[in-house]
Amino acid sequence: MQKVKKIPMRQCIGCRERKEKKNLIRMVRTPEGEVLADESGRKNGRGAYLCRDLRCLEKAVKSGALNRAFQINMSEEEIEQLKCQVENMNEKQ
Ligand SMILES: [Zn+2]
């Protein structure tokens, strides 16, 4: 019998698709109430996952999934900052 490696899967809060964790970006709400793209994937706080696609971030904003996931109301400015973080992470790839 071949051992099947378990691949960690997470659901994107934008498109609601389940994908491999490594293909998603972890968002985290810090104890200070700030939402960041968590590059290490290990920051403390409430987390949610999104595809590396800005459209998924926009979907999550429009549907309210982002605010629901973090139980906050993000301002447009905060959302813009988050988009920049995602873009920066994508450029590094
Ligand atoms: Zn997605």
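This is a short dialogue on reading the zinc site and the salt bridges in a predicted model.

Me: Let's begin with the metal. Which residues coordinate the zinc ion?

Reply: Start from the donor atoms. Here they are the SG atoms of C12, C15, C51 and C56. They lie at 2.2 to 2.3 Å from the zinc ion.

Me: What is the arrangement of the 4 donor atoms around the zinc ion?

Reply: Look at the angles. Four donors count as tetrahedral if all angles lie between 85 and 135 degrees. Around this zinc ion the donor atoms subtend 104 to 114°, so the arrangement is tetrahedral.

Me: What spacing do the donors follow along the chain?

Reply: Read the donors in chain order. The spacing is C-x2-C-x35-C-x4-C. One pair, C15 and C56, links distant parts of the chain, 41 residues apart. C15 sits in the loop between strand 1 (9-11) and strand 2 (18-20). C56 belongs to helix 1 (residues 54-63).

Me: Is C56 buried or exposed?

Reply: Use the relative accessible area. Buried means under 20%. C56 has 5%, so this cysteine is buried.

Me: Now the charged side chains. How many salt bridges does a search of the whole structure find?

Reply: The idea first: a side-chain nitrogen of Lys or Arg must lie within 4 Å of a carboxyl oxygen of Asp or Glu. The search finds 6 salt bridges. One of them joins D53 and R55, at 2.9 Å from N to O.

Me: Are D53 and R55 buried or exposed?

Reply: Take each partner in turn. D53 is partly exposed, at 28% relative accessibility. R55 is exposed, with a relative accessible area of 59%.

Me: Which residues do salt bridges with shared partners join into one network?

Reply: Follow the partners from bridge to bridge. R26, D38 and K43 form one network. Within it, the closest N and O atoms of K43 and D38 are 3.9 Å apart.

Me: How exposed are K43 and D38?

Reply: Check both ends. K43 is partly exposed, with a relative accessible area of 36%. D38 has 2%, so this aspartate counts as buried.

Me: One last pair. Which side chain meets K22 in a salt bridge?

Reply: Find the acidic partner. That is E20, and the N to O distance is 3.3 Å. K22 counts as exposed, at 62% relative accessibility. E20 is partly exposed, with a relative accessible area of 25%.

Key: Residues numbered from 1 in each chain as written. Predicted model: local features only at pLDDT ≥ 70, side-chain atom pairs only at ≥ 80, totals over all residues. Heavy atoms only, no water. Buried < 20%, exposed > 50% of the residue type's maximum accessible area, 1.4 Å probe, protein only. Donors = N, O, S within 2.8 Å, 3.2 Å for Na, K, Ca; no water. Tetrahedral: all angles 85-135°; square planar, octahedral: opposite > 155°, others 65-115°. Helix = DSSP H or I, 4+ residues; strand = E, 2+ residues; numbered from the N terminus.
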